[in-house]
Amino acid sequence: MPQHQAQGWVTIHVMRGVLRVKTPDAEHVLNEGQLLALAPNIRHDVDAVDESDMLLGVYPEGPTGSGAANG
């Protein structure tokens, strides 16, 4: 996926394979079973290193249920 950004929190969960996610500050190599969370409006791109499946979540209201949204 070319560079883009989302207005909500983003989670990328690798179900199979290996993904490379680049942000302005870092490059993350995610293996099967790993999850990356990005704050709103963080520019990123996603490349599959191997044939991969991912579960993508976009949460416009922010994290809930863990107290994270309450600080």
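User: What makes S1 and S6 a strand pair, and in which sense do they run?

Analyst: In this predicted model, seven bridges join S1 to S6. Two strands count as paired when DSSP finds at least two bridges between them, and the seven bridges joining S1 to S6 therefore satisfy that criterion. The two strands run antiparallel. One position along this pairing is Trp9, whose bridge partner in S6 is Tyr59.

User: How do you know that S1 also pairs with S4?

Analyst: S1 and S4, the latter spanning residues 35-38, are joined by four bridges in the antiparallel sense. The requirement is at least two bridges, so S1 and S4 are a pair. Within this pairing, Val10 stands opposite Leu38 in S4.

User: Why is Thr11 called buried?

Analyst: Thr11 has a relative accessible area of 17%. Buried means under 20%, so Thr11 falls in that class. The residue is found in strand S1, which covers residues 9-16.

User: Which residues does Thr11 touch, leaving aside those up to four places away in sequence?

Analyst: Thr11 touches Leu35, Leu36, Ala37, Leu55, Leu56, Gly57 and Tyr59. Contact here means heavy atoms within 4.5 Å.

User: Why is Met54 described as partly exposed?

Analyst: The relative accessible area of Met54 is 31%. Residues under 20% are buried and those over 50% are exposed, with partly exposed in between; Met54, at 31%, is therefore partly exposed. Met54 lies in strand S6, residues 53-59.

User: What makes Met54 eligible for a surface patch, and which residues form that patch with Met54?

Analyst: A patch residue needs over 30% relative accessible area. Met54, at 31%, therefore meets this part of the criterion. Met54, Leu56 and Val58 form a nonpolar patch on the surface, and together they have about 240 Å² of accessible area.

User: How do you know that S2 and S3 pair, and what joins them?

Analyst: S2 (residues 18-22) and S3 (residues 27-31) share five bridges in the antiparallel sense. Since at least two are required, the pairing is established. The connection from S2 to S3 is a hairpin of four residues. Two S2 residues illustrate the register: Arg20 has Val29 as its bridge partner in S3, and Lys22 has Glu27.

User: What makes S2 a partner of S5 as well?

Analyst: Four bridges join S2 to S5, which comprises residues 45-48, and the strands run antiparallel. That number satisfies the requirement of at least two, so S2 and S5 are paired. Lys22 stands opposite Asp45 in S5.

User: Why are S3 and S5 called edge strands?

Analyst: The open sheet of three strands has the order S3-S2-S5, with antiparallel pairing. S3 and S5 each pair on one side only, and they are the edge strands. On average, neighbouring strands of this sheet are turned by 20° against each other, direction ignored.

User: What secondary structure does the chain as a whole contain?

Analyst: The protein chain has zero helices and six strands. Read along the sequence, the pattern is β-β-β-β-β-β.

User: How many of the contacts with a separation of 6 or more join residues 24 or more positions apart?

Analyst: Such residues account for 64% of these contacts in the protein chain.

User: What share of the residues counts as buried, and what is the accessible surface of the chain?

Analyst: Of the 71 residues, 27% count as buried. The accessible surface comes to about 4,700 Å², and 49% of this belongs to carbon and sulfur atoms.

Notes. Residues numbered from 1 in each chain as written. Predicted model: local features only at pLDDT ≥ 70, side-chain atom pairs only at ≥ 80, totals over all residues. Heavy atoms only, no water. Axes fitted to C-alpha atoms, helices over the stretch in contact; angles between N-to-C directions. Buried < 20%, exposed > 50% of the residue type's maximum accessible area, 1.4 Å probe, protein only. Patch = residues over 30% accessible without salt bridge, like charges linked within 9 Å, V, L, I, M, F, W, Y side chains within 5 Å. Areas by Shrake-Rupley, 256 points an atom, 1.4 Å probe, with all protein chains shown as cover. Salt bridge = Lys/Arg side-chain N within 4 Å of Asp/Glu carboxyl O.
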